[in-house]
Amino acid sequence: MSAREETGDTTAEWRRLTARPGPTAPVHLDGFHALKHALRFDAAVQLAVTTDRTATLALAAELAPELTTRLDALLRDVTSAELARLVTRPHPTGVAALAARPPVPPADRARTAPLVVLDNPRHLGNTGAVIRLAAGAGAAGVLTTGTVDPWNPGVVRAAAGLHYALPVARCEVAELPTGPMFALDPEGVDIRDLVVPDDALLAFGSERHGLSAAARARADHLVSLPMRPLVSSYNLATSVSMALYHWLARQPRGRGAPGADTGGGPSEARPPG
């Protein structure tokens, strides 16, 4: 088969996969780092393409050597022009992939780390940033309420493929799992005066309107973050990171994060990808 014929087959398969409706639609992974993270956490990758196989495998050898052989077998070659026709905004690494969305685990599953709840978030980038840092901190998962799909391609891009490192789903406030809910609110008790239990739900309101009435009614505790006077607010991802760090700082130093023995390649001191 010629390179042109192979590219044509790849394009047809990509379009066939992306034509699937609703929950059966594949997750779009933008860039090498998103594909790397998805593979490390056992995503079912259906199709992966690259505009420069040599450069992609060199990047894998540097950042994820345990995946080099797997990537070499998985990647299909496409031209830059073809990639631009397949995706809205090609990633600078020239890599894109499609993967199956994982099943949502049971809501009553026992937790050994807090669950992050984003109450009606509006900004896709902020939501993705929260998922990325929640994965790094070892949170039990990220749940969102409201209309934004946490698996939206813009969210997945901002999270760099780390949706596969922990459960991510959307639900109604009434469907939230059991456990003490600590909701962030400027009028709440200073978080430094509280101990966040391992089975807590850490709830954060939307960037503009804060907590909904339903989330506020569900909360067992209203909690505030320390903030200098005259500063109005923190970014959503910053607030989540501060609350998770408050929990994490009280954990035994040798304790691994939930799922730490799954996948897990070497850490990388790299800029966000």
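**Exercise 1. Where is histidine 91 found, and is its side chain's residue buried or exposed?**

Start with the chain. This is a predicted model, and in it histidine 91 sits in the loop between helix 5 (80–86) and strand 4 (95–99). Next, check the accessibility. Histidine 91 has a relative accessibility of 14%, and buried means under 20%, so histidine 91 counts as buried. Finally, look for a partner: the side chains of histidine 91 and threonine 93 are joined by a polar contact of 2.8 Å.

**Exercise 2. Work out how covered helix 2 is, and what does the covering.**

Step one is the tally. Of the 10 residues in helix 2, 10 are buried. Among them are Phe32, Leu35 and Leu39, but also Lys36 and Arg40.

Step two is the cover. The elements lying over these buried residues include strand 1 (27–30), strand 2, helix 3 (53–63), helix 4 (68–74), strand 3 (75–77) and strand 4.

Step three zooms in on one residue. Setting aside neighbours within four places in sequence, leucine 35 is in contact with Leu29, Val45, Ala48, Leu71, Leu75, Val95 and Ala97.

**Exercise 3. Describe the nonpolar cores.**

Begin with the largest nonpolar core, which has 67 residues. Leu29, Leu35, Leu71, Val116 and Phe204 are the members that touch the most others. Helix 9 gives the most to this core, with six residues. Then turn to a second, separate core of 10 residues, including Leu83, Leu86, Val87 and Leu98.

**Exercise 4. Compare two residues with positive phi, aspartate 42 and leucine 230.**

First, take the angles. Aspartate 42 has a phi near 65°, while the phi of leucine 230 is about 80°. Neither aspartate 42 nor leucine 230 is a glycine.

Second, place them. Aspartate 42 comes just after helix 2, in the loop between helix 2 (31–40) and strand 2 (45–50). Leucine 230 belongs to the loop between strand 10 and helix 9.

Third, check the surface, with exposed meaning over 50%. Aspartate 42 has 56% relative accessibility, so it counts as exposed. Leucine 230 reaches 89%, so it counts as exposed too.

**Exercise 5. Which residues lie nearest the centre of the second largest pocket, and what lines it?**

Start with the space: the second largest pocket holds about 550 Å³. Its lining is made of 21 residues, and Leu184, Pro186, Ser233, Tyr234 and Ser239 lie nearest the centre.

Now sort the lining by element. Strand 8 (181–190), strand 10 (221–224) and helix 9 (236–248) each supply at least two residues. Strand 8 has the largest share, three residues.

Then sort by class. There are nine nonpolar, nine polar and three charged residues in this lining.

**Exercise 6. What does serine 224 touch, and how is its side chain held in contact with glycine 188?**

Locate the residue first: serine 224 is in strand 10. Its relative accessible area is 11%, so serine 224 is buried.

Next, list what it touches. Leaving out residues up to four places away in sequence, serine 224 touches Leu184, Asp185, Pro186, Gly188, Val189, Asp190 and Ile191.

Last, find the atoms. A polar atom of the serine 224 side chain lies 3.0 Å from the backbone oxygen of glycine 188.

Conventions. Residues numbered from 1 in each chain as written. Predicted model: local features only at pLDDT ≥ 70, side-chain atom pairs only at ≥ 80, totals over all residues. Heavy atoms only, no water. 1 Å grid on protein atoms, 1.4 Å probe; cavity = no way out; pocket = protein on both sides within 12 Å on 5 of 7 lines; lining within 4 Å. Points joined across faces, edges and corners; volume = space filled by probe spheres on them. Helix = DSSP H or I, 4+ residues; strand = E, 2+ residues; numbered from the N terminus. Nonpolar A, V, L, I, M, F, W, Y, C, P; charged D, E, K, R; others polar. Buried < 20%, exposed > 50% of the residue type's maximum accessible area, 1.4 Å probe, protein only. Polar contact = N/O pair within 3.5 Å; in protein donor to acceptor, adjacent residues only side chain to side chain. Contact = heavy atoms within 4.5 Å. Core = buried A, V, L, I, M, F, W, Y, C linked by side-chain atoms within 4.5 Å.
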